[in-house]
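Good morning, everyone, and thank you for making time for this short presentation. Please take a moment to look at the chain on the screen before I begin.

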Amino acid sequence: PPPPPPKTAPPPPADEVIYSQNFDDPEEGVFPDDYDPFNDTASFGWATGGGLAPPDDLPGGRRLRRLLANEAFRRLQDGTDGTDTNETGFGWMISTEEFESSPNSISPPNLMNSTNATNPRAYSFAMFVTGEDWGQGELSFDFWTDANPDDEFHEIEIFWTDDLDGGSLNFDTDLRDTGGIWDDHSLVLPGGRQYVIISYVFNPTERDDLMPPEGYVGNLYIDNVNYTDFGTMVPTPGPTE
């Protein structure tokens with residue numbers, strides 16, 4: 001009898017987009033995920049916070065995780081319909097000023113209006129929490145900014161951790177001036193619950209004589225956020241506190 005045909009290896013599992021958010025549906029951009037990442041282990045989604053940073057507590061490096069663990073988290077909301085819970089003015093909001101997919105993106109507030117002579121630094125962060133049952137994957141998003149950390153006016157950094165209270169805080173990158181166009185960024189995350197923090201700081205070096213040039217705002221907009229679950233595992237960067 002003829003030899004049996006050679007066995008064909010099954011194809012590797014395919015990558016799958018399991019989260020996608022362009023902040024346009026519903027039209028007013030309110031986030032669909034109402035959650036508390038500390039009290040609801042099954043939940044995931046977005047949170048935001050911020051404030052005037054005291055000299056020893058600027059969010060960044062090791063201190064950021066303590067600030068996040070103690071922060072009163074808020075759900076990101078559109079503030080135009082009377083449901084805004086961002087009473088302090090430091091949380092991120094739905095924005096219609098710039099977008100990659102019409103009509104919305106998300107953006108931090110203009111922190112240059114939030115400073116004063118005795119406490120010139122201010123910060124705001126958005127945090128995305130992955131699902132506890134998600135596999136290793138890639139978080140990707142589009143962004144637009146005219147901020148440049150080399151100018152000392154704003155600093156935009158991305159961190160991630162699996163433990164906000166004492167875990168390793170991993171530095172991913174800083175975001176820089178996109179030259180008036182939209183750019184994209186992605187980072188590979190381990191499976192399970194992960195906290196991805198986009199930290200936006202005005203006057204990170206706490207200069208008393210900081211004078212941004214006329215017309216400078218330091219805007220940042222984020223749009224088209226996706227999480228792609230990998231079918232095949234890839235190396236994940238290690239801690240870089």
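I will go through a sheet, the nonpolar cores, the salt bridges and, at the end, one glutamine. Please keep in mind throughout that this is a predicted model.

Let me begin with the sheet, which is open and has five strands, and if you follow them across you meet them in the order β2-β5-β10-β7-β8, with antiparallel pairing. The strands at the edges are β2, residues 45-52, and β8, residues 170-174, and each of these pairs on one side only. As you move from one strand to the next, the twist averages 20 degrees. Inside this sheet I would like you to find β7, which covers residues 154-161 and pairs with β10 in the antiparallel sense over eight bridges. If you want one position to look at, take Ile158, whose bridge partner in β10 is Ile198.

Now to the nonpolar cores. Which residues touch the most other members of the largest core? In that core of 33 residues, they are Trp46, Trp92, Leu139, Leu220, Ile222 and Val225. The elements that contribute two or more residues to this core are β5, β6, β7, β9, β10 and β11. There is also a second core, separate from this one, which has eleven residues, and among them are Phe125, Phe159, Ile197 and Val201.

Let me turn to charged residues. As a general point, side chains that carry opposite charge can pair when their charged atoms come close. How many salt bridges does a search of the whole structure find? The search finds three.

In one of them, the side chains of Asp150 and Arg176 meet, with N to O at 3.0 Å. This pair links distant parts of the chain, since Asp150 belongs to the loop between β6 and β7 while Arg176 belongs to the loop between β8 and β9, 26 residues apart. Asp150 counts as exposed because its relative accessibility is 55%, whereas Arg176, at 35%, is partly exposed.

Arg176 also forms a salt bridge with Asp174, where the closest N and O atoms are 3.4 Å apart. Asp174 is partly exposed, with a relative accessibility of 24%. Through shared partners, these salt bridges join Asp150, Asp174 and Arg176 into one network.

Another salt bridge brings together the side chains of Glu152 and Arg207, again described from N to O, at 3.0 Å. Here too distant parts of the chain are linked, with Glu152 in the loop between β6 and β7 and Arg207 in the loop between β10 and β11, 55 residues apart. Glu152 is partly exposed at 29% relative accessibility, and Arg207 is partly exposed with a relative accessible area of 29%.

Finally, please find Gln194, which sits in the loop between β9, residues 183-189, and β10, residues 195-202. Is Gln194 buried or exposed? Its relative accessible area is 3%, and because the cut-off for buried is under 20%, Gln194 counts as buried. Its side chain reaches the backbone oxygen of Gly191 at 3.3 Å. If we leave aside the neighbours within four places in sequence, Gln194 is in contact with Phe128, Val129, Thr130, Trp160, Thr161, Asp162 and Leu189.

That is where I will stop, and I am happy to go back to any part of the picture.

Conventions:
Residues numbered from 1 in each chain as written. Predicted model: local features only at pLDDT ≥ 70, side-chain atom pairs only at ≥ 80, totals over all residues. Heavy atoms only, no water. Helix = DSSP H or I, 4+ residues; strand = E, 2+ residues; numbered from the N terminus. Buried < 20%, exposed > 50% of the residue type's maximum accessible area, 1.4 Å probe, protein only. Polar contact = N/O pair within 3.5 Å; in protein donor to acceptor, adjacent residues only side chain to side chain. Contact = heavy atoms within 4.5 Å. Pairing = 2+ DSSP bridges. Axes fitted to C-alpha atoms, helices over the stretch in contact; angles between N-to-C directions. Salt bridge = Lys/Arg side-chain N within 4 Å of Asp/Glu carboxyl O. Core = buried A, V, L, I, M, F, W, Y, C linked by side-chain atoms within 4.5 Å.
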